[in-house]
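Please look over the sequence and the model below before reading on. The notes that follow move from aromatic rings to the chain as a whole.

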Amino acid sequence: MRELSVRIRFTNPSLGNEKDQKTGRFKFQRSPGREGKILFLATWHHANMKLAAEMLGRHQEAVNKICWDIGVDAELREKCLTRCFYTKSPGGRERWSLHESLMQGQTICINCVVPQDIDDQDFWALMQIAGKYRGLSPWQPGKYGQYEIVSIHQRRQSQQVDDDS
């Protein structure tokens, strides 16, 4: 197993889905405490990777062994609200809601632990497929939150034991 950091760039906004009772706006789920990191649930990643493995035609079992860090390394921009239009009222009026969002073009980092069965090239391909067809957005995945891969790096280097000590 190896720990990787995956940097992705959104090609369309990723919208929050948790309604704030005070403002009526939808926001992202956050970790408790002062940090308040945005959370992307591991089940979303698993569903995306399952689809990607089926499309790639390999690693269908190995993708189930990937462990995902649900805390996302991302900072919301100052103007991070996206207006989301949905059904029209019976009178023909469009309705919409405001969503906190990771904006189109914004880059974030996701950390995960990947089994050795999946080499770096195949992991890149799996992530690319997942980003193109499903994306990461709590609000309507597949419609919002599509992304492209910017980079994949080893998160921690294995420490070498010095024989001289």
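Which residues do ring pairs link into a cluster? The cluster consists of Phe28, Phe40 and Trp44, which are linked by ring pairs. Please keep in mind that this is a predicted model, and that the points below are computed from it.

**Aromatic pairs**
- The count of aromatic pairs comes to three, and one aromatic pair is formed by Phe26 and Trp139, whose rings are 5.0 Å apart from centre to centre.
- The planes of Phe26 and Trp139 make an angle of 55°, and the pair is described as tilted, because planes under 30 degrees apart count as stacked and planes over 60 as edge-to-face, with the rest counted as tilted.
- Phe26 belongs to strand β4 (residues 26-27), while Trp139 sits in the loop between α2 (120-133) and β11 (147-154), so this pair ties together parts of the chain that are 113 residues apart in sequence.
- Phe26 has a relative accessibility of 14% and therefore counts as buried, since buried means under 20%.

**Elements of the chain**
- The protein chain contains two helices and 11 strands, and when these elements are read from the N terminus on, their order is β-β-β-β-β-α-β-β-β-β-β-α-β.

**Contacts, burial and surface**
- Among contacts in the protein chain between residues at least 6 apart in sequence, 70% join residues that are at least 24 apart.
- The protein chain has 165 residues, of which 41% count as buried.
- About 10000 Å² of the protein chain is exposed, and carbon and sulfur atoms supply 46% of that area.

How values were computed:
Residues numbered from 1 in each chain as written. Predicted model: local features only at pLDDT ≥ 70, side-chain atom pairs only at ≥ 80, totals over all residues. Heavy atoms only, no water. Phe/Tyr/Trp six-rings, centres within 6.5 Å; stacked < 30°, edge-to-face > 60°. Helix = DSSP H or I, 4+ residues; strand = E, 2+ residues; numbered from the N terminus. Buried < 20%, exposed > 50% of the residue type's maximum accessible area, 1.4 Å probe, protein only. Contact = heavy atoms within 4.5 Å. Areas by Shrake-Rupley, 256 points an atom, 1.4 Å probe, with all protein chains shown as cover.
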